[in-house]
Protein chains: 2
Amino acid sequence: MRIDLKQPILDKNDKLAAELRQRFAENHVYVVDLLASPGSGKTSTILATIEALRDEFNIAVIEGDIASSVDAEKIKSQGIAAVQINTGGACHLESAMLKRAIDVLDLERLDLIIIENVGNLVCPTDFDLGENIKVMILSVPEGHDKPLKYPGVFQIAEAVILNKVDTMPVFDFDEEAFNDSVHQLNPQAPIFRLAATKDQGVAEWADWLAERIRQA
Amino acid sequence: MRIDLKQPILDKNDKLAAELRQRFAENHVYVVDLLASPGSGKTSTILATIEALRDEFNIAVIEGDIASSVDAEKIKSQGIAAVQINTGGACHLESAMLKRAIDVLDLERLDLIIIENVGNLVCPTDFDLGENIKVMILSVPEGHDKPLKYPGVFQIAEAVILNKVDTMPVFDFDEEAFNDSVHQLNPQAPIFRLAATKDQGVAEWADWLAERIRQA
């Protein structure tokens with residue numbers, strides 16, 4: 001029964017996502033959908049990425065949250081366009097929500113849009129938003145066993161960011177086990193080691209992303 | 001449209017939850033539904049709670065995960081009955097899943113069942129499982145702003161556990177701001193400060209819980 005109810009929603013979402021994808025391509029905008037648990041450092045990673053790429057690219061951010069606009073305010077305070085979507089309880093962003101946010105942005109002048117999805121390792125994985133890539137963040141305090149428990153998000157990610165690596169001595173994090181299980185689920189995805197708030201490892205991730213933006 | 005699709009699922013869930021609640025009451029079993037993000041320390045908190053309460057009470061644990069049985073194995077290794085539910089992609093437990101797990105437990109001899117829900121701050125809040133109380137954990141690395149972003153789970157919790165308090169010096173966690181926003185959303189809920197893996201603060205939480213179990 002769950003499938004019968006879900007499929008029409010996904011079909012409708014995918015149709016609109018395809019339209020958005022075409023608009024992004026026509027305007028040569030590269031779009032990243034960023035997925036992670038609450039508190040894994042999505043906003044800090046976005047802020048660090050902006051710092052690394054803002055000289056070369058025009059960037060906008062779309063913030064998805066159940067409630068509040070604290071993240072959009074943090075982005076705007078850096079002089080970067082940010083649109084807040086409040087899902088009002090929904091556990092993920094859908095294309096229809098994204099379309100309303102995209103409509104207020106000047107796509108022609110943008111090179112990169114980063115979408116910060118709702119903090120959730122499960123629900124956002126099913127929803128195409130017309131993005132070029134989904135990227136996921138796991139933070140060290142969450143533990144190295146998370147690929148075993150939430151395989152879906154690790155499988156669909158084009159890149160995995162391991163954030164807060166500076167706190168590794170504090171937590172019992174087995175990085176080898178983590179890398180092994182990520183590679184089993186997703187042999188292609190690079191794993192970037194970051195401490196976003198300490199500006200550690202940001203350059204390597206930003207270089208990888210910049211190469212893709214230039215080709216959009 | 002989302003409401004039209006969701007309401008029949010919730011109604012069906014609530015009806016079965018009421019049946020479960022009656023079975024729990026008839027058998028004098030106290031049931032805790034534990035909600036938190038991935039990696040906030042749900043399993044560690046359960047292990048510490050078991051250690052604190054196992055001399056007085058017969059305990060069983062139900063583990064909800066998208067995939068894997070690593071948590072159930074950790075519980076069983078402590079000589080405690082554990083049933084693993086794999087949701088196969090679903091972002092929360094529902095009563096129908098719980099009923100199948102309950103059916104294999106000997107309710108008559110149990111005093112306490114702890115349900116570890118899927119790591120997710122959003123979806124599990126809507127689903128009554130027939131539990132006596134929902135309790136939520138936030139861990140310090142997730143950040144003090146989470147009540148603003150995920151208000152629902154803080155509102156329905158009968159108690160809030162702030163876990164990994166031993167890592168507070170490592171993170172920029174404003175505990176006063178956190179306490180203020182929790183109390184605004186939920187003036188009644190006590191906040192227990194724990195470092196579950198270090199056995200810090202466990203006694204106070206376990207005493208609070210034990211008092212409730214004795215009355216079941």
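Which side chain meets that of A:Asp71 in a salt bridge? The partner is B:Lys149, at 2.6 Å from N to O. The model is a predicted one, and the account below starts from this pair and then turns to the arrangement of the chains, the other salt bridges, the aromatic rings and one proline.

**The contact between chains**

The salt bridge of A:Asp71 and B:Lys149 crosses from one chain to the other. A:Asp71 belongs to helix α3 (residues 70-76) of chain A, and B:Lys149 belongs to helix α5 (residues 146-149) of chain B. A:Asp71 has a relative accessibility of 0% and therefore counts as buried. B:Lys149 counts as buried as well, at 5% relative accessibility. The pair is part of a wider set of charges: a network of salt bridges links A:Asp71, A:Lys74, B:Asp145, B:Lys146 and B:Lys149.

Chain A is superposed on chain B by a rotation of 180° with 0.0 Å of shift along the axis, and the RMSD is 0.0 Å. The two copies are thus related as by a two-fold rotation axis. The same surface serves both copies, since 100% of the contact residues of chain A recur in chain B.

**Salt bridges**

Over all chains, the structure holds 26 salt bridges. Three of them are set out here with their N to O distances.

| Acidic residue | Basic residue | N to O distance |
|---|---|---|
| A:Asp71 | B:Lys149 | 2.6 Å |
| A:Glu131 | A:Lys134 | 3.4 Å |
| B:Glu51 | B:Arg54 | 3.4 Å |

The accessibility of the residues in the table can be given pair by pair. In the salt bridge between A:Glu131 and A:Lys134, A:Glu131 is buried at 7% relative accessibility, and A:Lys134 is buried at 7% too. In the salt bridge between B:Glu51 and B:Arg54, B:Glu51 is partly exposed, with a relative accessibility of 47%. B:Arg54 is also partly exposed, with a relative accessible area of 30%.

**Aromatic rings**

The whole structure contains 11 aromatic pairs over all chains. One of them joins B:Phe173 and B:Phe178, whose ring centres lie 5.5 Å apart with 55° between the planes, a tilted arrangement. Both rings of this pair belong to buried residues: B:Phe173 has a relative accessible area of 10%, and B:Phe178 is at 0% relative accessibility.

How are the rings of B:Trp205 and B:Trp208 arranged, stacked or tilted? The planes of B:Trp205 and B:Trp208 are at 25° and the ring centres are 5.9 Å apart, so the pair is stacked. Because B:Trp205 and B:Trp208 are three residues apart in helix α8 (residues 202-214) of chain B, about one helical turn separates them. B:Trp205 counts as buried at 3% relative accessibility, and B:Trp208 counts as buried at 15%.

B:Trp208 also takes part in a contact with a charge. The charged end of B:Arg212 sits over the ring of B:Trp208, at 3.9 Å from its centre. In chain A, A:Arg212 lies over the face of A:Trp208, and the distance to the ring centre is 3.9 Å. Chain A also has a cluster in which ring pairs link A:Phe154, A:Phe173 and A:Phe178.

**Helix α4 of chain B**

Helix α4 of chain B spans residues 95-102, and its buried residues include B:Ser95, B:Met97, B:Leu98, B:Ala101 and B:Ile102. These residues cover an arc of only 155° around the axis, which puts them on the same side of α4(B).

**A:Pro141 and its surroundings**

A:Pro141 is in the loop between β5 (133-139) and α5 (146-149) of chain A. With a relative accessible area of 7%, A:Pro141 is buried. Which residues does A:Pro141 touch, not counting residues up to four places away in sequence? In chain A they are A:Lys164, A:Thr167 and A:Phe171. In chain B they are B:Gly39, B:Pro141, B:Lys164 and B:Phe171. A:Pro141 and A:Ala216 are 75 residues apart in sequence, and their C-alpha atoms are 35 Å apart in space.

Note on methods: Residues numbered from 1 in each chain as written. Chains lettered and ligands numbered in written order. Predicted model: local features only at pLDDT ≥ 70, side-chain atom pairs only at ≥ 80, totals over all residues. Heavy atoms only, no water. Least-squares fit on C-alpha atoms with pLDDT ≥ 70 in both. Contact = heavy atoms within 4.5 Å. Buried < 20%, exposed > 50% of the residue type's maximum accessible area, 1.4 Å probe, protein only. Helix = DSSP H or I, 4+ residues; strand = E, 2+ residues; numbered from the N terminus. Arc of directions from axis to C-beta. Salt bridge = Lys/Arg side-chain N within 4 Å of Asp/Glu carboxyl O. Phe/Tyr/Trp six-rings, centres within 6.5 Å; stacked < 30°, edge-to-face > 60°. Lys NZ or Arg CZ within 6 Å of the ring centre and 35° of its normal.
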